[in-house]
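Me: Could you walk me through this structure? I would like to start with one residue and then move on to how the chains fit together.

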There are 2 protein chains.
Amino acid sequence: MNSPRYGADALTSFATALLDRAGMENDKSKVVAEILVEGALLGHDTHGLQLLAPYLADIEKGELATHGQPRVIADLPAAVAWDGKRLPGTWLTATAVDLACERAKTHGTCTVTIARGHHIACLAAYLKRATDQGMVVMIISSAPENHSVAPFGGRSGAITPNPIAAGWPTEGDPVMIDVSMSITTNGMVARMSKEGRRQPGQWLIDADGNPTDDPAVVTQDPPGWLLPVGGIEYGHKGYALGLLMETLTQGLGGHGRADPIEGWTGEVFVQVLNPALFGGSEPFLRQTTWLADACRAVPPRPGVERVRLPGETGLRRREKQLREGIELYASIMPALSSWADKFGVALPQSIA
Amino acid sequence: MNSPRYGADALTSFATALLDRAGMENDKSKVVAEILVEGALLGHDTHGLQLLAPYLADIEKGELATHGQPRVIADLPAAVAWDGKRLPGTWLTATAVDLACERAKTHGTCTVTIARGHHIACLAAYLKRATDQGMVVMIISSAPENHSVAPFGGRSGAITPNPIAAGWPTEGDPVMIDVSMSITTNGMVARMSKEGRRQPGQWLIDADGNPTDDPAVVTQDPPGWLLPVGGIEYGHKGYALGLLMETLTQGLGGHGRADPIEGWTGEVFVQVLNPALFGGSEPFLRQTTWLADACRAVPPRPGVERVRLPGETGLRRREKQLREGIELYASIMPALSSWADKFGVALPQSIA
């Protein structure tokens with residue numbers, strides 16, 4: 001049985017309307033909707049439209065601000081720091097990426113930190129707007145209210161999965177990476193735990209610190225924890241990189257775990273680098289294209305179809321879903337229909 | 001039996017004298033020696049004084065330039081690109097870190113790419129000079145002449161271990177990370193292979209793409225390869241991050257695998273971020289100190305003494321070796337004594 005499919009534009013209009021009716025300024029509603037739909041297009045179903053219902057709930061609770069602008073803490077040509085004042089993290093991050101691209105055209109690079117923004121959804125959803133302009137972009141996010149990941153050698157949590165996404169152009173498709181510094185993610189653990197499934201490897205520890213593939217340990221009392229990339233074998237690597245991500249986001253932004261918890265929070269680091277103002281655009285594309293071709297040409301291991309570039313699968317899915325409609329995870333539209341009822345917004349028509 | 005120990009100053013003078021006699025300009029000899037000794041102090045024995053003999057050999061072969069300055073390709077306040085003209089990578093990198101710190105004091109951040117430099121030794125050896133000034137520093141290096149690491153799903157190599165080092169201050173010791181995007185490193189594989197030892201896990205693949213713990217596969221014909229962080233289970237993470245490191249170094253610098261191989265090469269990305277000109281120094285230190293304390297307070301897993309911060313062991317070893325002398329891996333001084341004979345430089349006195 002196929003899941004229902006929806007046109008990207010219809011979903012964007014629907015999400016915008018729900019956010020508008022929930023009280024959000026329309027310039028923000030549009031960007032939040034666009035980023036959630038972009039996440040869905042790329043196939044990140046735990047970080048696409050699935051997030052809209054909890055965002056609407058946070059607006060109702062007063063934990064997601066709907067009006068205003070970030071407070072500018074620092075503003076140098078290549079170094080900007082904002083207090084996000086609990087505004088939508090998706091809108092803040094998209095705005096920061098656009099600003100950093102603009103600044104990088106003149107200054108070669110620009111870094112923007114966003115403290116105290118709300119959740120930023122799928123990090124990969126912001127990459128194309130920068131790579132389409134020939135830029136290298138990095139986006140890092142951490143969540144100070146969460147400490148689901150154990151430091152290497154520890155048996156309770158201290159940090160978050162701390163994802164980094166990055167994109168850069170080649171002469172063909174851009175390369176787009178999006179990886180967390182924990183082996184698995186909170187979203188994946190919640191979903192697999194609910195479905196009674198096991199992780200593919202010993203990616204967690206139980207409360208005693210023993211490695212396990214059972215995602216249900218995170219909801220037990222006392223709870224288990226996620227392991228950093230490298231696991232119990234060489235998790236000093238994921239732990240080290242996770243601490244770097246916390247430092248670039250919460251440290252540089254100046255807000256985080258050392259402060260009172262304010263709810264669902266994204267502390268964000270956005271950086272754009274302009275190849276034209278370093279070694280040059282042509283040499284850049286020559287290197288990135290050469291390497292992408294070299295990786296694709298590597299013969300696959302037994303059982304693997306072929307070697308792919310990061311982002312390749314997502315970009316193909318994006319094209320297909322733009323053409324044929326977005327397949328939504330079965331639980332998403334039911335969760336949104338009560339909000340649609342409440343706000344008197346018509347549900348989008350599914351594609352037959 | 002204890003290995004011989006040497007005073008840090010005696011080793012620095014010895015290394016400087018050897019490089020001077022080999023024809024290197026003294027301002028460069030001093031920095032190369034200082035960085036190699038700093039690597040040894042931190043305990044990176046594959047990336048400390050062990051490198052001096054091969055550096056001297058490369059000078060003799062004309063593959064390591066001894067005189068001159070990098071060619072400036074681009075120079076904006078926060079974005080600098082150099083052609084390193086095969087000058088010592090250690091000297092180029094230390095110079096770039098110092099320049100980036102100086103620029104970041106005014107501009108909040110500065111990024112320097114170095115193309116076509118020679119090898120840069122231990123990345124962790126450059127961190128303290130930036131963290132001592134209150135800065136966040138990142139150093140990434142890749143080697144286009146090497147492709148020992150297989151892309152995820154592949155059964156031959158395409159990229160290098162691509163290490164990233166980063167450091168940042170806390171109210172106590174700085175945190176200093178230094179991790180490669182492959183599970184193990186070329187240096188470690190070479191050493192363990194020579195000693196007939198196995199890796200602690202399935203960190204490589206043989207020529208058929210089967211996982212193995214035998215480092216000797218890399219010298220077989222056809223050869224085996226190193227696996228990216230995550231191995232065959234979730235090596236898409238190490239592969240993605242490795243590609244990012246190649247892009248920030250070879251891509252942004254504009255020189256790399258797409259060009260003719262020139263010998264032992266470090267393509268380098270140096271970035272400094274100044275917390276004072278983002279969210280502020282005090283908020284930065286509050287976050288980084290809070291998190292360091294939180295990690296140290298996590299109870300250890302069974303069999304683990306305590307949770308450490310990255311860099312902690314190296315900094316303790318540095319203090320001890322500054323006090324008691326540097327313990328050199330047994331093979332290092334014999335390899336240097338023939339160079340000392342040749343150049344008429346007296347061997348340093350070991351500490352009894």
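**One threonine, then two chains**

Reply: In this predicted model, the side chain of Thr66(A) has a polar atom that lies 3.4 Å from the backbone oxygen of Gly23(A).

Me: Which side chain does the side chain of Thr66(A) make a polar contact with?

Reply: The partner is the side chain of His67(A), and the distance is 2.9 Å.

Me: ok, and where along chain A does Thr66(A) lie?

Reply: Thr66(A) belongs to the loop that runs between α3 (52-60) and β2 (71-76) of chain A.

Me: Is Thr66(A) buried or exposed?

Reply: Thr66(A) counts as buried, because its relative accessibility is 16% and the cut-off for buried is under 20%. Leaving aside neighbours within four places in sequence, Thr66(A) is in contact with several residues, among them Met24(A), Lys28(A), Ile59(A) and Leu87(A).

Me: Switching topic: how is chain B related to chain A?

Reply: A turn of 180 degrees, with a shift of 0.0 Å along the axis, lays chain B on chain A with an RMSD of 0.0 Å. That is the relation of a two-fold axis. Of the residues of chain B, the one that comes closest to the rotation axis is Gly230(B), whose C-alpha is at 3.0 Å.

Me: And why do the copies meet through the same surface?

Reply: They do so because 100% of the interface residues of chain B are also interface residues in chain A. The contact takes 92 residues from chain B and 92 residues from chain A.

Me: How much area do they bury between them?

Reply: Chain B and chain A bury about 6,900 Å² between them, and 70% of that is on carbon and sulfur atoms. Leu252(B), Phe278(B) and Arg301(B) supply 11% of the area that chain B buries against chain A, which is more than any other three residues.

Me: How many salt bridges are there between chain B and chain A?

Reply: The count is two, and a salt bridge is formed by Asp259(A) with Arg286(B), where the closest N and O atoms are 2.5 Å apart. On the side of chain B that touches chain A, the largest share, 13 residues, comes from helix α8 (residues 236-253) of chain B.

Me: Last one: which residues have the most contacts inside the largest nonpolar core?

Reply: They are Ile164(A), Trp168(A), Ile164(B) and Trp168(B), in a core of 92 residues. Not counting residues up to four places away in sequence, Ile164(B) touches residues including Leu241(A) and Leu244(A), as well as Leu123(B) and Met245(B).

Terms used
Residues are numbered from 1 along each chain as its sequence is written. Chains are lettered from A and ligands numbered from 1 in the order in which they are written. This is a predicted model: local features need pLDDT of at least 70, side-chain atom pairs count only at pLDDT 80 or more; totals for chains, interfaces and linings use all residues. Side-chain values use heavy atoms; hydrogens and water are left out. Copies are superposed by least squares on the C-alpha atoms of residues with pLDDT of at least 70 in both. Contact means heavy atoms within 4.5 Å. Helices (H or I, at least four residues) and strands (E, at least two) are DSSP runs, numbered from the N terminus. Buried means under 20% relative accessible area, exposed over 50%, partly exposed in between (1.4 Å probe, protein chains only). A polar contact is a pair of N or O atoms within 3.5 Å; within protein, one must be able to donate a hydrogen and the other to accept it, and residues adjacent in sequence count only if both atoms are side-chain atoms. A nonpolar core is a set of buried Ala, Val, Leu, Ile, Met, Phe, Trp, Tyr and Cys residues joined through side-chain atoms within 4.5 Å. Buried area is the accessible area (1.4 Å probe) that two parts lose on being put together, summed over both. A salt bridge is a side-chain nitrogen of Lys or Arg within 4 Å of a carboxyl oxygen of Asp or Glu.
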